[in-house]
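Work through the exercises below with the sequence and the model side by side, and try each task before reading its solution.

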Amino acid sequence: MFRRSFGIAVAFLFAAAHAPAQHGAPIPQQLAFTPYHSSGVYEIGETVGWTVTPGPVEPTYSYKWTIRRNNAVVLKEGTLNLSSGKDRIEIAGDEPEMIYVDIEPAGEGPFVGGNTGRNNGHYAVGAAVAPMRIGLAAPRPADFDSFWSEKLSAQAKVPIHAVLTPAETDVAGVQLDSFVLDALGSHAHGYLARPSHEGKFPALILLQYAGVYALNARSVAAHAAEGWLTIDVDSHDKSPSDPSGNIPRSYAMVGNTDRETSYFLDMYLRDSRALDYLFTRPDWDGKTVVLMGTSMGGQQSLVLAGLRPEKITAVLVCVPAGADADGNLHGRKAGYPNWPSDNPDVMKAALYFDPVNFASKIRAPVLAAMGFIDTTSPPSGIFTALNQIPVPKEPLPMVESEHNNLTPDKEHNWDERSKEVLEVLLHGGKFQPRELR
């Protein structure tokens, strides 16, 4: 029996992690970059490069460029000379790696233009060299599995005690509720939406990008209108309709020196509790469970798929965050949560929350989109996670994309492919990952 009261929510589901998206007039493109390989993918021994030409707007500044391995180790530097109408930036790809090229204006600012979504004059281009062979930067902790097994066992002893609250929606044919579930040390919150007619439905679990905000109830209801039993899990212990919930904006840093106190411990356990609750639902079809999220939501999706591999059907993630959390110690650019690499305790604890270390347990096929110039969710970490997954997976390069909130116009292939896969899964089909080409 569920207890009910009333509530409603607003927000935006798949927008992104930390910075606001760019609005207004397009950023002027003073430079254009044509890659030697349009796919952005190279083999070891090939020359990775770009032909640089002036764009529609006359170049205003001089530019210097820096090539970095995994956006961390400087490999080569130079300046652009466009006096002949074009120039080249190139380097030999000599090992499995991501190549990141930073092109910055020289002289006195302020600068405008660029392709990174910031309109500060900066450009970036990226490429992958044998990315399906990028290996672990650091070993997996020896007690990783036992640590998480103990936490799940302890949570299993906590009754779920689901409390559902009817929520208003203008989406026809849908029943929408907010929910609260008891978890180990906190409460899981979110929205649940289902078609209003009787039946058993495939499940779609949505995990949230970084930040503190009210969830988008209408987006959840829209998925239910398509035929999904949809669970949208708030990343925080707060009502999904509450835009703040007294959650600190710097929550990612809370308790980060110890695996027992990290904010992400309770977050991951709340995600697992939502899955527990789904399995009790008589309106779930008993077969299909799809995990989906962007940025920190992608991070949680990969973690949940590895933490609870049973009955997960597919994992669809765009620019998943959190991978290679200690990458700064190993010649790789670390991104969100941006934990300080100069604190040994933080770096030790980080390994227990890094999606890379959950990936080897994943048994469901994975679709993962990565931006080749993404500095929030660096692609080297995403490829590292994918390469630990022992079942078929589909990397989806977004060659010109920074993080999805900065360059949303560069992620059309993710929008199209994820929609296509969801449609297949909704109707009982099987997701067949495509190999990287």
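The exercises that follow concern a predicted model, and each task is paired with a worked solution.

**Exercise 1.** Determine the strand order of the open sheet that contains β7, and find its edge strands.

*Solution.* The open sheet is formed by 5 strands, which follow the order β2-β8-β7-β4-β5 with mixed pairing. The edge strands are β2 (41-42) and β5 (73-79), since each of them pairs on one side only. Within this sheet, β7 (residues 97-106) and β8 (residues 123-129) run antiparallel and are joined by 7 bridges; Asp102, for instance, has Ala124 in β8 as its bridge partner.

**Exercise 2.** Decide whether helix α6 is largely enclosed or not, and identify the strands against which its buried residues pack.

*Solution.* Buried means under 20% relative accessible area. In α6 (residues 379-388), 9 of the 10 residues are buried, so the helix is largely enclosed by the rest of the structure. Among these buried residues are Ile382, Phe383 and Leu386, and the buried residues of the helix pack against β7, β16 (366-371) and β17 (393-398).

**Exercise 3.** Are the partners in the salt bridge between Arg417 and Glu394 buried or exposed, and which elements does the pair tie together?

*Solution.* The two side chains meet at 2.8 Å, N to O. Arg417 belongs to helix α7 (residues 412-426) and Glu394 to strand β17, so the pair ties together parts that are 23 residues apart in sequence. Arg417, at 9% relative accessibility, counts as buried, and Glu394, at 3%, counts as buried too.

Notes: Residues are numbered from 1 along each chain as its sequence is written. This is a predicted model: local features need pLDDT of at least 70, side-chain atom pairs count only at pLDDT 80 or more; totals for chains, interfaces and linings use all residues. Side-chain values use heavy atoms; hydrogens and water are left out. Two strands pair if DSSP finds at least two bridges between them. Helices (H or I, at least four residues) and strands (E, at least two) are DSSP runs, numbered from the N terminus. Buried means under 20% relative accessible area, exposed over 50%, partly exposed in between (1.4 Å probe, protein chains only). Contact means heavy atoms within 4.5 Å. A salt bridge is a side-chain nitrogen of Lys or Arg within 4 Å of a carboxyl oxygen of Asp or Glu.
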